[in-house]
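Colleague: Got a minute to walk me through this one? Let's put it up first.

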Amino acid sequence: MKNLTPLVHNSLKHEMDIKSINDSDTECLKEIKEVLKKYNSLDRFGITLLHKHFELDKDEILIEAVDEENRIQIIKPFKIEEVEKMEGEVIETSWALIDEKEAILACRRKCVKTGEGHYNSHVFGS
C-alpha cells in the first residue's frame, strides 16, 4: 500500500453546480468509446461525472468499501495513514485527466481489496 497520494478532490465542483450528461456530450463520448475500443479497453474503463459532495482534508483520501453480503457500497474519507495500515491491496478506481499538457492521472478514489474480497472492517466494524 504505497504511493497513496492525497486527492485533488477539493478542486472539483460540487455536484449541485454541474450539469448532468446531455445530448451535447454525445460526440465526445463517441470519440472516447472509439479510443477505448482501439486499445481493447472497453471492458476496463468507463466514464464518470467528476464532482464532489464535500471537502476533504489534505491528509485524506476516499476509500470505497463494500459489504458484499448486504449489498452495500460506501465511499468514505480515510486518513492516509489509516489506509497505509490496512491489510490488502489498494486499487485505484477513479481518475481524472487533469493536466492539459500531458495525460497525467490524479486518482480520486481507491478500493482496498483483500484475499477474501473488498476490505470492509474499518467501515462496517467486522
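Colleague: Okay, how many helices and strands does the protein have?

Modeller: Keep in mind that this is a predicted model. There are 3 helices and 5 strands in it.

Colleague: And in what order do the elements run from the N terminus?

Modeller: The order is α-β-β-α-β-β-β-α.

Colleague: Let's zoom in on β1. Is it buried or exposed?

Modeller: Buried: 8 of the 8 residues of strand β1, residues 60-67, fall under 20% relative accessible area, so the strand is largely enclosed by the rest of the structure.

Colleague: Which residues point which way from β1?

Modeller: Glu 60, Leu 62, Glu 64 and Val 66 point one way, while Ile 61, Ile 63, Ala 65 and Asp 67 point the other way. Both sets are buried, including the acidic Glu 60, Glu 64 and Asp 67.

Colleague: What about its link to β2, how do the two strands run?

Modeller: Antiparallel, with 8 bridges joining β1 to β2, which covers residues 72-79. Asp 67 of β1 sits opposite Ile 72 in β2.

Colleague: How many residues lie between the strands in that hairpin?

Modeller: There are 4, and Arg 71 in the hairpin takes a positive phi near 55 degrees.

Colleague: Switching to the whole chain: what share of the residues counts as buried?

Modeller: 26% of the 126 residues. The accessible surface comes to about 9,500 Å², and carbon and sulfur atoms account for 49% of that.

Colleague: And the contacts, what share comes from residues 24 or more positions apart?

Modeller: That would be 58% of the contacts with a separation of 6 or more.

Key. Residues are numbered from 1 along each chain as its sequence is written. This is a predicted model: local features need pLDDT of at least 70, side-chain atom pairs count only at pLDDT 80 or more; totals for chains, interfaces and linings use all residues. Side-chain values use heavy atoms; hydrogens and water are left out. Buried means under 20% relative accessible area, exposed over 50%, partly exposed in between (1.4 Å probe, protein chains only). Contact means heavy atoms within 4.5 Å. Accessible areas come from the Shrake-Rupley method with a 1.4 Å probe; for residues, only the protein chains shown count as cover. Two strands pair if DSSP finds at least two bridges between them.
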